[in-house]
Amino acid sequence: MDDCIFCRISAGELPAEIVHSDNEIMAFRDINPVAPTHILIIPRKHIPSNREIQPGDEPLLGRLFVVARDLAVMEGIDAQGYRLILNTGDHGGQVVYHLHLHLIGGQAMQHPMG
Ligand code: 5GP
Ligand code: ZN
């Protein structure tokens, strides 16, 4: 997807502070962090949002959470805990339409859900 910023980051066409990269998944720091740790974890495959996930995507989606777990340990936020967010669609507050998991931590979360 030429016009997708996260596909372009995945392809190395746009810069990002990459903290994980493998053949299926990459993770990079959010450009506008809301907490000391704010990492976006994406599948390299262009899936616009959770609405478009397909049968067969389960292992890939599961790996997003495994990468998030490992990055939380690497960031030193595992023991105290963290928040994982997957915004979906307009009401979900999604801005970038390439599925991504937010890993947020390093402080106690204050904003309430909803
Ligand atoms: P959403 O609201 O779609 O779940 O979150 C999109 C996130 O992507 C936001 O937190 C925003 O700061 C981040 N973001 C948008 N553009 C870029 C970019 O070019 N680079 C990086 N690293 N993060 C971005
Ligand atoms: Zn994309």
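Which strand holds Leu84? Leu84 lies in strand β4, residues 82-85.

## Basis of the model

This is a predicted model, in which local features need pLDDT of at least 70, side-chain atom pairs count only at pLDDT 80 or more, and totals for chains, interfaces and linings use all residues. Residues are numbered from 1 along each chain as its sequence is written, chains are lettered from A and ligands numbered from 1 in the order in which they are written, and side-chain values use heavy atoms, with hydrogens and water left out.

Helices (H or I, at least four residues) and strands (E, at least two) are DSSP runs, numbered from the N terminus. Buried means under 20% relative accessible area, exposed over 50%, and partly exposed in between, with a 1.4 Å probe and protein chains only.

## Strands β2 to β5

Strand β3 runs from 37 to 43. Seven of its seven residues are buried. Thr37, Ile39, Ile41 and Pro43 lie on one side, and His38, Leu40 and Ile42 on the other. Both faces are covered. In a regular strand the side chains alternate between the two faces of the sheet.

Two strands pair if DSSP finds at least two bridges between them. β2 (25-29) and β3 run antiparallel and are joined by five bridges. Phe28 has Leu40 of β3 as its bridge partner. On β5, residues 101-105, β3 also pairs in the antiparallel sense over five bridges. Here Thr37 is partnered by Gly105, and Leu40 stands opposite His102. Leu40 thus appears in both pairings, with Phe28 and with His102.

β5 is mostly covered too: five of its five residues are buried. Leu101, Leu103 and Gly105 point one way, His102 and Ile104 the other. Four bridges join β5 to β4, again in an antiparallel arrangement. Tyr82 stands opposite Gly105 there. Gly105 is also the bridge partner of Thr37.

## A nonpolar patch

Tyr82 and Leu84 join Phe65 in a nonpolar surface patch of about 250 Å². Patches are made of residues with over 30% relative accessible area and no salt bridge; like charges are joined within 9 Å, and nonpolar side chains (Val, Leu, Ile, Met, Phe, Trp, Tyr) within 5 Å. Areas come from the Shrake-Rupley method with a 1.4 Å probe; for residues, only the protein chains shown count as cover. Leu84 is partly exposed, at 32% relative accessible area.

## Salt bridges

How many salt bridges does a search of the whole structure find? The search finds seven. A salt bridge is a side-chain nitrogen of Lys or Arg within 4 Å of a carboxyl oxygen of Asp or Glu.

Asp22 pairs with Arg63, with the closest N and O atoms 2.8 Å apart. This pair links distant parts of the chain, 41 residues apart. Asp22 is in the loop between β1 (18-21) and β2, and Arg63 is in helix α2, residues 58-75. Asp22 counts as buried at 18% relative accessibility. Arg63 is partly exposed at 29%.

Lys45 pairs with Asp57 at 2.6 Å between the closest N and O atoms. Both residues sit in the loop between β3 and α2, twelve residues apart. Lys45 is partly exposed at 42%, whereas Asp57 is buried at 4%.

Glu13 and Arg8 form a further bridge, with the closest N and O atoms 3.2 Å apart. Arg8 is partly exposed, with a relative accessible area of 32%. Glu17, Arg29 and Glu75 are linked in a salt-bridge network.

## Gln94 in its loop

Gln94 is placed in the loop between β4 and β5. Gln94 is buried, with a relative accessible area of 6%. A polar contact is a pair of N or O atoms within 3.5 Å; within protein, one must be able to donate a hydrogen and the other to accept it, and residues adjacent in sequence count only if both atoms are side-chain atoms.

The Gln94 side chain makes two contacts of interest. A polar atom of this side chain lies 3.0 Å from the backbone oxygen of Pro48. The side chain also reaches the backbone nitrogen of Gly89 at 2.9 Å.

## Ligand 1

There are 16 residues around ligand 1. Asp30, Gly93, Val95, His100 and His102 come nearest. A residue is near a molecule or strand if one of its heavy atoms lies within 4 Å of it.

Polar backbone atoms of the protein approach the ligand at several points. For Arg29, the distance to a ligand nitrogen is 2.9 Å. For Ile31, a ligand nitrogen is 3.3 Å away. For Val95, the partner is a ligand oxygen at 2.7 Å. The protein covers 80% of the 520 Å² of accessible area that ligand 1 has on its own.
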